[in-house]
Amino acid sequence: QVQPVESGGGLVQAGGSLSLSCAASGRTFSNYAMGWFRQAPGKEREFVACIRWSGDSTAYADSVKGRFTISRGNFKNTMYLQMNSLKPEDTAVYYCAVGVLVGTTLMPSDWGQGTQVTVSS
C-alpha cells in the first residue's frame, strides 16, 4: 500500500500563486503515476493534473491548463503542483493520488488526506 502525504496550500488572493507537494511512501511500480484531484464544497471530486513516474507524460484538466504545472521531484515518489494565476473557483481541498494511467486518465488506488487551498477575490 502506498500512502501519499500532501503539504503546502493555504490562503492567497486571486491572481497569486501557491505550490503543493506530495510524497508517497511505500512500494510503487514503474507504471505508476501520481496526480492531483480537488473537491470544492458541495461539488464532486474532480481531476486536476497527473504525471507518469517517468515524467514523460502529463495531463491537465481544461480548467487549469496554462496556469498549473505538475512535476516530479528529484527524490523518488515526490511530486509538485505549481499553481499560478489562481482564481476564486480554484478554492477546494486538493488531494494527492497514486495510481495507474489508462491512456491519459489517472485511476487512483491510494489517496492523501487533502490540503485546503483558498483563493480570495
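Biologist: Say two strands pair if DSSP finds at least two bridges between them. In what order do the four strands of the open sheet come?

Modeller: The order is β1-β3-β8-β7, with antiparallel pairing. Strands here are DSSP runs (E, at least two residues; helices are H or I, at least four), numbered from the N terminus. One caveat up front: this is a predicted model, where local features need pLDDT of at least 70 and side-chain atom pairs count only at pLDDT 80 or more, while totals for chains, interfaces and linings use all residues. Residues are numbered from 1 along each chain as its sequence is written, and side-chain values use heavy atoms, leaving out hydrogens and water.

Biologist: Which strands sit at the edges?

Modeller: β1 (3–8) and β7 (68–72), each pairing on one side only. β7 runs antiparallel to β8 (residues 78–83), and five bridges join them. Across that pair, Ile70 stands opposite Leu81 in β8.

Biologist: Changing topic, how many disulfides are there?

Modeller: One, taking a disulfide as a pair of cysteine sulfur atoms within 2.5 Å. Cys22 is joined to Cys96, S to S 2.0 Å. Cys22 lies in β3 (residues 18–25) and Cys96 in β9 (residues 92–102), so the bond ties together parts 74 residues apart in sequence.

Biologist: Left- or right-handed?

Modeller: Left-handed, because the torsion about the S-S bond of Cys22 and Cys96 is about -80°.

Biologist: And are those two cysteines buried or exposed?

Modeller: Buried means under 20% relative accessible area, exposed over 50%, partly exposed in between (1.4 Å probe, protein chains only). Cys22 is buried at 2%, and Cys96 is buried too, at 0%.

Biologist: What about Cys50, where's its nearest cysteine sulfur?

Modeller: That sulfur belongs to Cys96, 12 Å away, and Cys50 is in no disulfide. Cys50 is buried as well, with a relative accessible area of 2%.

Biologist: OK, whole protein now. How many helices and strands?

Modeller: Zero helices and eleven strands. Of the 121 residues, 43% count as buried.

Biologist: What radius of gyration does the protein have?

Modeller: 13 Å, which agrees with the value near 14 Å for a compact globule of 121 residues. The radius is taken over C-alpha atoms, and the globule rule is 2.2 Å times the number of residues to the power 0.38.

Biologist: Last one: what's the mean pLDDT of the protein?

Modeller: 92, with 98% of residues reaching 70 or more; pLDDT is the predictor's confidence in each residue, from 0 to 100. Among the elements, β10 (residues 105–111) has the lowest mean, 92, and β11 (residues 115–120) the highest, 98.
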